[in-house]
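What follows is a guided reading of one protein model, meant to be taken with the sequence and the coordinates open side by side. We begin at a single residue and work outward from there.

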Amino acid sequence: MESETGAAGASNGPVVVSAGTLIEPSMALALNVHSSPGVYALLLGAGISIASGVKTGWGVVEDLVGKVAAVRDPDDPGARAAAMADPETWWEAHSSEPLGYSALLGAVAPRPASRQAMLAGYFEPADGDEADAKGPTAAHRAIAQLVKRGSIRVILTTNFDRLMERALQEAGISPQVVHRPEQFDSMQPLAHSQVTVIKLHGDYADLEQRNTVDELEAYPAAQQRVLERVLDEYGLIVCGWSADWDAALARAVEGARSRRYPMFWSQYGPLGSAARRLTARHGAAVVEGMSADELFTDLVRRVEALDHLSVAPITRDVAAVQLKRALADPVRRIELSDLVDQSVGQVMNGSTPQRRPVISSPAAWANTFAAGVRGYRADSDTLLHLLANGVYHDDGTYGRLWLRAVERLVRMRDVTPGRYNEYLEKLRHLPALLATWTIGVAAVLGRRASQPVRSGRIRTPATRPRGPPGISTPSMSSRPRACTTCTVPGTATSCCIPRATGSRRPCVSRSGSSNPATPPTRRPAHASSS
């Protein structure tokens, strides 16, 4: 088995990450499913349907035996409970036929119509039941979403119910369902079907179901061939299957020769001896302590998160075309909003301290500042084109959308690193300034001066720089401090510039006189010291 695992790794296939490492099994499951869509098959047992209230095949047998005992001895109020406690013993004592789903149904409901009516109460909601009674669970619906996105294309199940089929149909998917032995030779190839549901033990309405130990000992030849092919060619995700009673299925899983893709086994409680043997045989990653609902909803959430990471940034020209199309169609307003928000997000994601440094040595300050200007301008290119086209062609419907883009850019300075250069940190407002300028020009050109562009939106963040020259740390207080040089109180951060020596000089107006009301001509701190 070790050589097979090594071969899988050599072929650049997914790698199983065992429990207890940095990558948890549920995380490894999501990574593998996302990177290899369509190559994982599900093996679902009775555990996936427990939350729906639907009985398992053996649960139906127990209940029917109890009903037979009750009608056989109506005067004994405990007859039903005694028979259900040990249905096999009770059946052997009162019948010459072996106990099994098929034999029992053939005896109590020999005709298809009567059999369907009797079974409907076990697998379908009755009148007066709640809307979601005996319906698909969260796990079934999450699996349907995985199928819809192409992550899962083959589902093996030992369940008699039709919950999986119903969940797929609710999601707009028409599955290929195979549950009779004669269907396996005529089924559509797995690669040509959007999803194939293989009901290994049959459907609840069939008399050919496999339920007893003898019936589960072997599969028909055609079914066995399809099963072996799935186990050989697909990775396997097991959920809700104990492997204790299905001898033929357990042997098939154990005897799979080639494991091209890893196996994941989810079990809410402790593994039984058969499950432990199979997981050890194939080096499966065991996901413990998660119900079926938790496993598959978590898988969908993680896979969708990986989708967001792999979405390629939209180009400027394509974005502009999409915006113009959406702008003219009120139905596509959500698409328009997502397009602008995505572009804003790209600008904000590119403004990290790693990509746009906010601290620099005095010698490299000028180059860092210039590189920051060029970087912010390049990051904002697509967004600026969207804002220009959007505001110019907008009739006033989407004014709030353009304003929201500016507000988000302004908030880039709300979270500031612990150490920064004052002017590099203030440069983070450049995308917001460019966006405001673009909106204003587009509004004027489009003769829409009423567009909601407010200069007050470009504000100073609550944190204010204080500290050694060139290196600033945030102050929790946003209260303005009196200037030690100027005579006007409350202008320390707006009219004086810290010098490299640590002293301050008053702001000088263009006429050369000190005037706090006049916007200062500023130079970087390090530039003044050189």
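In this predicted model, A205 is partly exposed, because its relative accessible area is 22%, and burial would require a value under 20%. A205 lies in the loop that runs between β4 and α10, and although 87 residues of sequence separate A205 from M118, the C-alpha atoms of the two are 9.8 Å apart in space. The loop between β4 (196-199) and α10 (221-233) also holds G202, which is buried, with a relative accessible area of 1%. The C-alpha atom of G202 is 7.7 Å from that of T158, a residue 44 positions away along the chain.

Two further loop positions can be read in a similar way. P175 sits in the loop between α9 and β3 (176-178), and P175 counts as buried because its relative accessibility is 16%, where the limit is 20%. Beyond its neighbours within four places in sequence, P175 is in contact with L168, Q169, V195 and V197, while its C-alpha atom is 9.5 Å from that of M164, eleven residues away in sequence. A243 belongs to the loop between β5 and α11 (247-254) and is buried, with a relative accessible area of 4%. The backbone of A243 deserves a look as well, since its phi is near 70 degrees, a positive value in a residue other than glycine.

From these loops we can turn to the interior. The protein has 530 residues, of which 45% count as buried, and its secondary structure comprises 22 helices and eleven strands. The largest nonpolar core contains 36 residues, and those with the most contacts inside it are L44, I143, I155 and F296. Several elements each supply at least two residues of this core, including the helices α2 (25-35), α8 (138-148), α9 (163-170) and α13 (292-310), together with the strands β1 (40-44), β2 (152-157), β5 (235-239) and β7 (285-288). I143 gives a view of this core from one position: leaving aside neighbours within four places in sequence, I143 is in contact with L42, L44, I48, I155, M164 and F296. A second, separate core of 35 residues includes A243, the residue with the positive phi, along with A41, Y219 and A248. Across the protein, 69% of the contacts with a separation of 6 or more are between residues 24 or more positions apart.

Further along the chain, a pair of helices can be described by how they pack. The axes of α15 (residues 333-349) and α17 (residues 381-393) come within 8 Å and cross at roughly 150 degrees, and the crossing is left-handed. On the side of α15 the contact is made by L339, V340, S343, V344 and V347, and on the side of α17 by T382, L383 and L386. Of these residues, six are nonpolar, two are polar and none is charged.

It remains to ask how much confidence the predictor places in the model. The protein averages a pLDDT of 77, and 74% of the residues score at least 70. Over residues 1-20, however, the pLDDT is below 50, and this stretch has 24 contacts beyond near neighbours in sequence. The pLDDT is also below 50 over residues 462-530, a stretch with 119 such contacts in the model. Where pLDDT is low, the predicted coordinates should not be read in detail.

Key:
Residues are numbered from 1 along each chain as its sequence is written. This is a predicted model: local features need pLDDT of at least 70, side-chain atom pairs count only at pLDDT 80 or more; totals for chains, interfaces and linings use all residues. Side-chain values use heavy atoms; hydrogens and water are left out. Axes are lines fitted to C-alpha atoms, for helices over the stretch in contact, and angles run from 0 to 180 degrees between N-to-C directions. Helices (H or I, at least four residues) and strands (E, at least two) are DSSP runs, numbered from the N terminus. A crossing is left-handed if the near helix is turned anticlockwise from the far one by less than a right angle, and right-handed if clockwise. Contact means heavy atoms within 4.5 Å. Ala, Val, Leu, Ile, Met, Phe, Trp, Tyr, Cys and Pro count as nonpolar, Asp, Glu, Lys and Arg as charged, and the others, Gly among them, as polar. Buried means under 20% relative accessible area, exposed over 50%, partly exposed in between (1.4 Å probe, protein chains only). pLDDT is the predictor's confidence in each residue, from 0 to 100. A nonpolar core is a set of buried Ala, Val, Leu, Ile, Met, Phe, Trp, Tyr and Cys residues joined through side-chain atoms within 4.5 Å.
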